[in-house]
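Student: Could you take me through one part of this model closely, the first helix with its charged side chains, and then show me how that part sits relative to the rest of the chain?

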Amino acid sequence: MDISFDDLTLAELKTLRTKVDRAIETYEDRKKREALAELEESARKMGYSLAELAELSSAKPRKAVAPKYANSENPAETWTGRGRKPKWVEAALAAGKSLEDLAI
């Protein structure tokens, strides 16, 4: 595509710039729509809808775990015993308490 910019008027150059800016701004959306359409077509050829396939890949919701330990100084601070120890647990252990002392 060869465009001779020297032959265009100022108004034509501004119009061209506006069109190019709009094309750049919408590029990602257009590519995503094309990809979605391609995926939907592939799923349809296999006898599924894309929504059905997306359900399979979504993570199952986690169940809430009951807390096992509570801060004796602030009972609103609790810990399930999973993951990193909260600062208040580390401080209590450093002060000589055991996890059994913090158990609910």
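Tutor: Let's start with the spacing: in this predicted model, the centres of domain 1 and domain 2, taken over C-alpha atoms, are separated by 50 Å. The domain assignment places domain 1 at residues 10-58 and domain 2 at residues 69-102. Keep those two ranges in mind, and we can walk into the helix you asked about.

Helix 1 covers residues 10-45, and Leu 36 is one of the residues in it. With a relative accessible area of 40%, Leu 36 is partly exposed. For a sense of distance, take Lys 68, which is 32 residues from Leu 36 along the chain: 45 Å lie between the two C-alpha atoms.

Now to the charged side chains. Side chains of opposite charge can pair when their charged atoms come close. In this model the count comes to 2 salt bridges, and we can take them in turn.

One pair is Glu 34 with Lys 31, whose side chains meet in a salt bridge at 3.5 Å, N to O. That distance falls within the 4 Å cut-off, so the pair counts as a salt bridge. Glu 34 and Lys 31 are 3 residues apart in helix 1, so about one helical turn separates them. As for their surroundings, Glu 34 is partly exposed at 47% relative accessibility, and Lys 31 is partly exposed too, at 37%.

The other pair is Arg 44 with Glu 41, where the side chains meet at 3.1 Å, N to O. Arg 44 and Glu 41 also lie in helix 1, 3 residues apart, which is about one turn of the helix. Here the accessibility labels need a little care. Arg 44 counts as exposed because its relative accessibility of 53% is over the 50% cut-off. Glu 41 has a relative accessible area of 33%, so it is partly exposed.

From the helix, let's turn to the rest of the chain. The protein has 4 helices and 2 strands, and from the N terminus on the elements run α-α-β-β-α-α. The radius of gyration is 30 Å, well over the 13 Å that the globule rule gives for 104 residues, so the protein is more spread out than a compact globule. Along its principal axes, the C-alpha trace spans about 85 × 45 × 20 Å.

A few totals fill in that picture. Of the 104 residues, 9% count as buried. The protein exposes about 9300 Å², with carbon and sulfur atoms supplying 54% of that area. Among contacts between residues at least 6 apart in sequence, 21% join residues at least 24 apart.

So where do buried nonpolar residues come together? The largest nonpolar core has 6 residues: Tyr 69, Trp 79, Trp 88, Val 89, Ala 92 and Leu 102. Helix 3, residues 87-94, gives the most to this core, with 3 residues. Ala 92, one of the core residues, is in contact with Lys 97 and Leu 102 once its neighbours within four places in sequence are left aside.

Ala 70 is a good place to finish, since it lets us look back to your helix. Ala 70 lies in strand 1, which is residues 69-70. At 18% relative accessibility, Ala 70 falls under the 20% cut-off and therefore counts as buried. Not counting residues up to four places away in sequence, Ala 70 touches Pro 75, Glu 77, Thr 78, Trp 88, Leu 102 and Ile 104. Trp 88 and Leu 102 are among the core residues listed above. Looking back along the chain, Ala 70 and Lys 19 are 51 residues apart in sequence, and their C-alpha atoms are 62 Å apart in space.

Conventions: Residues numbered from 1 in each chain as written. Predicted model: local features only at pLDDT ≥ 70, side-chain atom pairs only at ≥ 80, totals over all residues. Heavy atoms only, no water. Domains from an automatic or database assignment. Buried < 20%, exposed > 50% of the residue type's maximum accessible area, 1.4 Å probe, protein only. Core = buried A, V, L, I, M, F, W, Y, C linked by side-chain atoms within 4.5 Å. Contact = heavy atoms within 4.5 Å. Rg over C-alpha atoms; globule rule 2.2 N^0.38 Å. Areas by Shrake-Rupley, 256 points an atom, 1.4 Å probe, with all protein chains shown as cover.
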